[in-house]
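Please open the model in a viewer and keep the sequence panel visible. The tour proceeds by successive selections.

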Amino acid sequence: MGGQNYSMTLYNTSVTSMLRMRWGRQHCMWPARMVTRRHGQRDTAQILLLRGAKYLSDKNGVTPLDLCVQGGYGETCEVLIQYHPRLFQTIIQMTQNEDLRENMLRQVLEHLSQQSESQYLKILTSLAEVATTNGHKLLSLSSNYDAQMKSLLRIVRIFCHVFRIGPSSPSNGIDLGYNGNKTPRSQVFKPLELLWHSLDEWLVLIATELMKNKKDSTDITSILLKQKGQDQDGTSIPPFEPPGPGSYENLSTGTGESKPDALGGKQEASADCQDVISMTANRLSAVIQAFYMCCSCQMPPGMTSPRFIEFVCKHDEVLKCFVNRNPKIIFDHFHFLLECPELMSRFMHIIKAQPFKDRCEWFYEHLHSGQPDSDMVHRPVNENDILLVHRDSIFRSSCEVVSKANCAKLKQGIAVRFHGEEGMGQGVVREWFDILSNEIVNPDYALFTQSADGTTFQPNSNSYVNPDHLNYFRFAGQILGLALNHRQLVNIYFTRSFYKHILGIPVNYQDVASIDPEYAKNLQWILDNDISDLGLELTFSVETDVFGAMEEVPLKPGGGSILVTQNNKAEYVQLVTELRMTRAIQPQINAFLQGFHMFIPPSLIQLFDEYELELLLSGMPEIDVSDWVRNTEYTSGYEREDPVIQWFWEVVEDITPEERVLLLQFVTGSSRVPHGGFANIMGGSGLQNFTIAAVPYTPNLLPTSSTCINMLKLPEYPSKEILKDRLLVALHCGSYGYTMA
């Protein structure tokens, strides 16, 4: 009897340290051994608890459950909960602990949810309740935004993960809780409805105040001001709470004072005052992100929830107000824009007005979001995943191995080895991309043809002479998609129109100049002149090369019998452009995009314009500013010694290399300086120096340009500071309508 008591005491005092030793070593074990170890943890815990072991924490307050969750040991957590049911809620509350790894928590809850339908529903309901509590705390403006936002989104991510892997997760869109079904599965979302209701109330209230503000013609910065700190009597002002049914009094300053007027609002918008839109935008946007995640987890992959689309459409003006005030909200919380073209189109003009660098970060964050956790143990490259290519037939052999490779693995990483060579690593990968860049435009394959200026390439309409041309175009798309995915640069530049095809941007008649400058000038002449009485007798039908033979091709049904007139000439020019630049090479474009989109989703690449895509693919060219200065001409009143011109060149020296490239693109339409320097820049009709023309100054006027003659139209700014500010606005935002200022 005494021996048995001694044994029990030994177990009781050593349970925590024994389990910690076992669990603490798991991170360095191979997966096959981890399975054995996990069963060992479960069995050990089962034996100890059967023999009456007590559940105790160590001197640092660490409990066996803490260790189980840290290691992701769901089976052992299951055993602990069987003996101590209160630990279930402890695990649920752990989802708020920022120090615990989210993937380990998911792993534990995933295991627990698979034990029974009732357990699955209990976990989800509990998570929904915790998320709702956290969401309401977030909407209380007195709470810590950053901590509450992270907590809410973390819980919702875990909730959605468990929901998807549950025994009745959605697969065909039939059992969707948000579409009205009253199944037990849909009921787990019920606690969250309180949070979504509060969110809706906030947005409706702000929309009402925005509308009132518009009617009063007051400045938006005066809306819903709240004095922070203390009132004159030293009484603390209570924090805002989520609005309930009521009116504007819910958002008063708390001092009994009337709502400030526009002037007072501007004065109070200082360190001591903030308007409610600025205070709530991030908080509400985080809840909107949580709402989107919950809506999405109930939909089949690739579909956007009708409820969420309706929500965004309902609150369109307020959401646009949020992102206009703080565009970073788009990148932090409005991830739904990337997954729903209908919603993206509503915000695209705002997104594209954001700095190129911010959009690049957003692009790569979402491009790599589905890849394995970065904290996973690095594993050596599997020999079967190495791309083994032959130097003497690098194009064909690379095409063959890439077409057979696993697309998901190529997204994660690339390993290349040349046949008969031992070298591997990033240096070999860079060399592979560099050589393939040149091979893609090798005339022997007839895939691409040089543009009129000889520096860019366009798909060859006669590429069909190569029987494998469409397979090769698909391969070329894969290579450029892979390069962009892994931030590898390619040594190749395409025509502006081809970048537009990749982005899904319509071409225009100016793009024709890259392949036929004379034809482009003819189209320009038609647009610039009245053709009513010229007797041109043009019809909506043109003669073009079709598989090596000249044929009459209608631009639209019945085009051969439709005359081109002064009223429809713009349509004629656009259709001719599309025929020359798109329809003539449509199969080649489609094949290329098929390969490109295997690695780069269309929704992500549309964040950029054609100039930015070129920079992403081919990198930043070096620009010699002194050569630029030497080969610049001045007109319309400017001379080299004028103060505005001197300020301009000082600004060019001051700005970043990226901004210099943007300036070159803005004026010439190209990011590259031709061989031989600025003295060899081409215009629409031959050599044409970079030119700066004077424009009378009016406040807020932006520089404009005429790319066909390489001319920058620079207003006569009164100071260098104003010149720099206006120039940078034009460079970063000019292609979205600002040049009309």
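This is a predicted model. Begin by selecting Thr635 together with Ala693, its bridge partner in E12. Extending the selection to the whole of E9 and of strand E12 (residues 690-695) displays a pairing in the parallel sense, made over four bridges.

Next, add the remaining strands of the sheet. The sheet is open and consists of four strands, ordered E9-E12-E14-E13, with mixed pairing. At its edges are strand E9 (632-635) and strand E13 (704-706), each of which pairs on one side only. Viewed across the sheet, the twist from one strand to the next averages 25 degrees.

Now show the helices that pack on this sheet. Select helix H29 (residues 643-654), which touches E9, E12 and strand E14 (711-715). The direction of H29 makes about 115 degrees with that of E14. Then select helix H30 (residues 657-668), which also packs on the sheet and touches E12, E13 and E14. Here the reference strand for the angle is E13, with whose direction that of H30 makes about 55 degrees.

Finally, move to another selection: Trp525, Leu534 and Leu536. What do Trp525, Leu534 and Leu536 make at the surface? These residues make a nonpolar patch of about 280 Å². To place Leu536 along the chain, display helix H23 (517-528) and strand E7 (541-546); Leu536 lies in the loop between them. The relative accessible area of Leu536 is 40%, and Leu536 is therefore classed as partly exposed. Since patch residues must have over 30% relative accessible area, the value for Leu536 satisfies that cut-off.

Key
Residues numbered from 1 in each chain as written. Predicted model: local features only at pLDDT ≥ 70, side-chain atom pairs only at ≥ 80, totals over all residues. Heavy atoms only, no water. Patch = residues over 30% accessible without salt bridge, like charges linked within 9 Å, V, L, I, M, F, W, Y side chains within 5 Å. Areas by Shrake-Rupley, 256 points an atom, 1.4 Å probe, with all protein chains shown as cover. Salt bridge = Lys/Arg side-chain N within 4 Å of Asp/Glu carboxyl O. Helix = DSSP H or I, 4+ residues; strand = E, 2+ residues; numbered from the N terminus. Buried < 20%, exposed > 50% of the residue type's maximum accessible area, 1.4 Å probe, protein only. Pairing = 2+ DSSP bridges. Axes fitted to C-alpha atoms, helices over the stretch in contact; angles between N-to-C directions. Contact = heavy atoms within 4.5 Å.
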